[in-house]
Amino acid sequence: MAPVLEARGITRSFGHIEALKGVDFDIDAGEVVALIGDNGAGKSTLVKIMSGADRPTSGHLLSNGAPLELDGPVQARSIGIETVYQDLALAPHLSAVDNMFLGREIMRPGILGALGMMQRGAMQEKSRTEFAELGATVSDLHSAVVNMSGGQRQSIAVARAAAWAQQVIFLDEPTAALGVVQTQNVLELIRRVRDRGVAVVLISHSMPHVLAVADRVQVLRQGRRVATYDAKRTTMEELVGAMTGAISQETP
């Protein structure tokens, strides 16, 4: 079966700077793939391209074996690709329910919907169901998220992405600045998303978290993919070696 999302020979230049130099990447449905690399390795640029926020200089994307052209994040979301950035993109003064449906509100039929009236009961029920199925720790569906902990806000952002994603979720440093308990909750949430059959691309600098949830690890260094590992058969030392150039599996 073809990967749910695949990048082949992706290059991206900014003037004379080559951020990506022929990068390949692949992920299957129901798989967690960690994308790691030192600062400046090209992780963010590659994710932006695969999530529709940027376009490559050359190379191409495929989805389930078919060519994929992404004109922007809106198109990516329309085909089931969601991204959770470090800033979470939550509206802080809105509730968990309102954030879950931000831009996807369920409107009432007829003229009431045209006047901006929403089906709040249906939105609340779907939010409650999604949070419960994913084990998201949300203390109050109706409280403004600005009053919630970092772990709860992260849970809401990931659960929102999972509610709408049909193919892939990109998670950018989802455990950064979280406490031990909150971190474990987010890692368990990632496992539950994977178990739904959704592919998860995890961008992280935390090697213990990568090894805890990833099925495979793909390593970028200086704009190239230099190694791919089975997460269950590798070590932190091996991953760090690939990131620093001490170890290389793939020929640039």
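Let's start with strand β9, residues 216-221. In this predicted model, β9 is mostly covered. Five of its six residues are buried.

What does β9 pair with? Take strand β3 first, residues 32-36. β3 and β9 run parallel, and four bridges join them. To find the spot, look for Val33: its bridge partner in β9 is Arg216.

Now strand β10, residues 224-230. Here the pairing with β9 is antiparallel, over six bridges. Find Val217, and you will see Tyr229 of β10 opposite. β9 and β10 make a hairpin, with two residues between the strands. Gln222 sits in that turn, and its phi is positive, about 50°.

As a reminder, strands of a sheet pair through backbone hydrogen bonds, either parallel or antiparallel.

Step back to the sheet. How many strands form it, and in what order? Six strands, in the order β6-β7-β8-β3-β9-β10. The sheet is open, and its pairing is mixed. At the edges are β6, residues 81-84, and β10; each of these pairs on one side only. Average over neighbouring strands, ignore direction, and the turn of one against the next is 20°.

Go over to the β6 edge. The partner there is strand β7, residues 168-172. β6 and β7 run parallel, joined by four bridges. Ile81 has Val168 of β7 as its bridge partner.

Next, the helices. Helix α6 covers residues 150-164 and packs on the sheet. The strands α6 touches are β6 and β7. The direction of α6 makes about 175° with that of β6.

Helix α7 covers residues 180-195. α7 lies across three strands: β3, β7 and β8, the last being residues 199-203. Against β8, α7 runs at about 150°.

How do the two helices sit against each other? α6 and α7 pack at an angle of about 10°, and their axes are 9 Å apart. Angles under 35 degrees count as roughly parallel, so α6 is roughly parallel to α7.

Which residues meet there? From α6, we have Gly150, Gly151, Gln154, Ser155, Val158 and Ala162. From α7, they meet Gln182, Val186, Leu189 and Val193. Sort the residues of this contact by type: five are nonpolar, five are polar and none is charged.

To recap: follow β9 to β3 on the parallel side, and to β10 on the antiparallel side. Then look at α6 and α7, packed together at about 10°.

Conventions: Residues are numbered from 1 along each chain as its sequence is written. This is a predicted model: local features need pLDDT of at least 70, side-chain atom pairs count only at pLDDT 80 or more; totals for chains, interfaces and linings use all residues. Side-chain values use heavy atoms; hydrogens and water are left out. Buried means under 20% relative accessible area, exposed over 50%, partly exposed in between (1.4 Å probe, protein chains only). Two strands pair if DSSP finds at least two bridges between them. Axes are lines fitted to C-alpha atoms, for helices over the stretch in contact, and angles run from 0 to 180 degrees between N-to-C directions. Contact means heavy atoms within 4.5 Å. Angles under 35 degrees count as roughly parallel, over 145 as roughly antiparallel, 65 to 115 as roughly perpendicular and the rest as oblique. Ala, Val, Leu, Ile, Met, Phe, Trp, Tyr, Cys and Pro count as nonpolar, Asp, Glu, Lys and Arg as charged, and the others, Gly among them, as polar.
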